[in-house]
Amino acid sequence: MSNVEVAVPVAAGRLLRETVYEQIRADILSLRLAPGAEMREAELAARFEVSKSPVRDALMRLERENLVITLPRQGYRVAPVSLSDVQDMFHLRIALERACMERIVRQASDEQLASLEPFRRFERDDWSAGFIEYNRAFHRKLAEIAGNPRMRDQLNNLIDQMERAVLMSVNRATQGSGNTSGLVEEHSRMIDSLQQRQAKRAERQAEQHIAAAGKRVTEAISRSIIAA
């Protein structure tokens, strides 16, 4: 049997590579591929029914995102979630979210500010049934209406990468112990400040909100490390 790969149109090849990359990335971020899990090109190629080339490209991209590490002569492994890296990500996120608040107050239209109204409510008091998705959507919305595409993309990528740490902390905690009503209220106060165009207050609330989340996540991960 020939080892020569079948030629495909350029557009189809790019779509295939993007699909493989996005699926592996989603599996890592959602913990379907756990930190430390081994990944082999041949097994991934068989799973996606593709050659090794798009798999290799995907793994190289994920390595640049610090989601995958290469093991010489062994293959690949899902990058671990380190406490120091989580702390660094929260520190960066505070700076980005404060900057978002300042830009929203200064540049967002009244219609854009009104679009935040649905985030004053979250009907289910359950971490495992949609709160993480609701919370991510709220912060993505803030990044969007801030009106700086570069900052939006960086913040959205950071939110994605932090999802592993958030899920680890939630899985470690007792189910239902997350105070979702209190967190929704924090969102509501941030919306109040933005709609009243109170920049300094909104920036301070965003910093406190992210810092508190960082404390919860790092404490949960620390307990997990100790237990291990």
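How many bridges join β1 to strand β3, and in which sense do the two strands run? Two bridges join them, and β1 and β3, the latter covering residues 75-78, run antiparallel. I begin with this pairing in the structure before you, which is a predicted model, and then proceed to the helices.

Let me place that pair in its sheet. Three strands form an open sheet in the order β1-β3-β2, with antiparallel pairing. The edge strands are β1, residues 38-39, and β2, residues 68-71, each of which pairs on one side only. Within the pairing of β1 with β3, Glu38 stands opposite Arg77 of β3. On the other side, β2 and β3 are joined in the antiparallel sense over four bridges. There, Val68 has Val78 in β3 as its bridge partner. The two strands β2 and β3 make a hairpin with three residues between them, and in the turn Arg73 has a positive phi of about 65°.

Two further backbone positions belong to this part of the chain. Leu31 sits in the loop between α1, residues 10-29, and β1. Although Leu31 is not a glycine, its phi is positive, about 70°. Asn66 lies in the loop between α3 and β2. Its phi is near 65°, again a positive value in a residue other than glycine. Is Asn66 buried or exposed? With a relative accessible area of 57%, Asn66 is exposed, because the cut-off for that class is over 50%.

I turn to the helix that accompanies the sheet. Helix α3, residues 52-64, lies across β1, β2 and β3 and runs at about 115° to β2. Helix α3 also meets helix α2, residues 41-48: their axes come within 9 Å and cross at roughly 115°. The contact is made by Glu41, Ala42, Leu44 and Ala45 from α2, and by Lys52, Val55, Arg56 and Leu59 from α3. In this crossing, α2 passes α3 in the right-handed sense.

The next topic is the set of helices α4, α6 and α8. Helix α4 has 25 residues and occupies positions 83-107. From first C-alpha to last, α4 reaches 36 Å, close to the 36 Å expected at 1.5 Å a residue. Its buried residues are Val86, Met89, Phe90, Arg93, Ile94, Leu96, Glu97, Cys100, Met101, Arg103, Ile104 and Val105. As a general point, an α-helix has 3.6 residues a turn, so residues three or four places apart point the same way.

How do α4 and α6 cross? Their axes come within 8 Å, at roughly 55°. The two helices are therefore oblique to each other. On the α4 side the contact involves Arg93, Glu97, Cys100, Met101 and Ile104, and on the α6 side His139, Leu142, Ala143 and Ile145. The crossing of α4 past α6 is left-handed.

Two residues of this contact deserve a closer look. Glu97, in α4, counts as buried because its relative accessibility is 1%. Not counting residues up to four places away in sequence, Glu97 touches His139, Leu142, Leu155, Ala206 and Ile210. Ile145, in α6, has a relative accessibility of 4% and so counts as buried. Leaving aside neighbours within four places in sequence, Ile145 is in contact with Ile104, Ala108, Gln112 and Leu116. The C-alpha atoms of Ile145 and Ala108 are separated by 6.3 Å, although the two residues are 37 places apart along the chain.

Finally, I come to α8. This helix, residues 180-195, has 16 residues and reaches 22 Å between its end C-alpha atoms, close to the 22 Å expected. Helix α6, residues 131-145, packs with α8 at an angle of about 15°, the axes being 12 Å apart. That makes α6 roughly parallel to α8, and α6 passes α8 in a left-handed crossing. From α6, the residues that meet α8 are Phe131, Tyr134, Asn135, Phe138, His139 and Leu142. Their counterparts in α8 are Thr180, Leu183, Val184, His187, Met190, Ile191 and Leu194.

The buried residues of α8 include each of those counterparts, and Ser188 and Ser193 are also buried. After α8 comes Arg197, whose phi is positive, near 55°.

Note on methods. Residues are numbered from 1 along each chain as its sequence is written. This is a predicted model: local features need pLDDT of at least 70, side-chain atom pairs count only at pLDDT 80 or more; totals for chains, interfaces and linings use all residues. Side-chain values use heavy atoms; hydrogens and water are left out. The expected span of a helix is 1.5 Å times one less than its number of residues. Buried means under 20% relative accessible area, exposed over 50%, partly exposed in between (1.4 Å probe, protein chains only). Two strands pair if DSSP finds at least two bridges between them. Contact means heavy atoms within 4.5 Å. Axes are lines fitted to C-alpha atoms, for helices over the stretch in contact, and angles run from 0 to 180 degrees between N-to-C directions. Angles under 35 degrees count as roughly parallel, over 145 as roughly antiparallel, 65 to 115 as roughly perpendicular and the rest as oblique. A crossing is left-handed if the near helix is turned anticlockwise from the far one by less than a right angle, and right-handed if clockwise.
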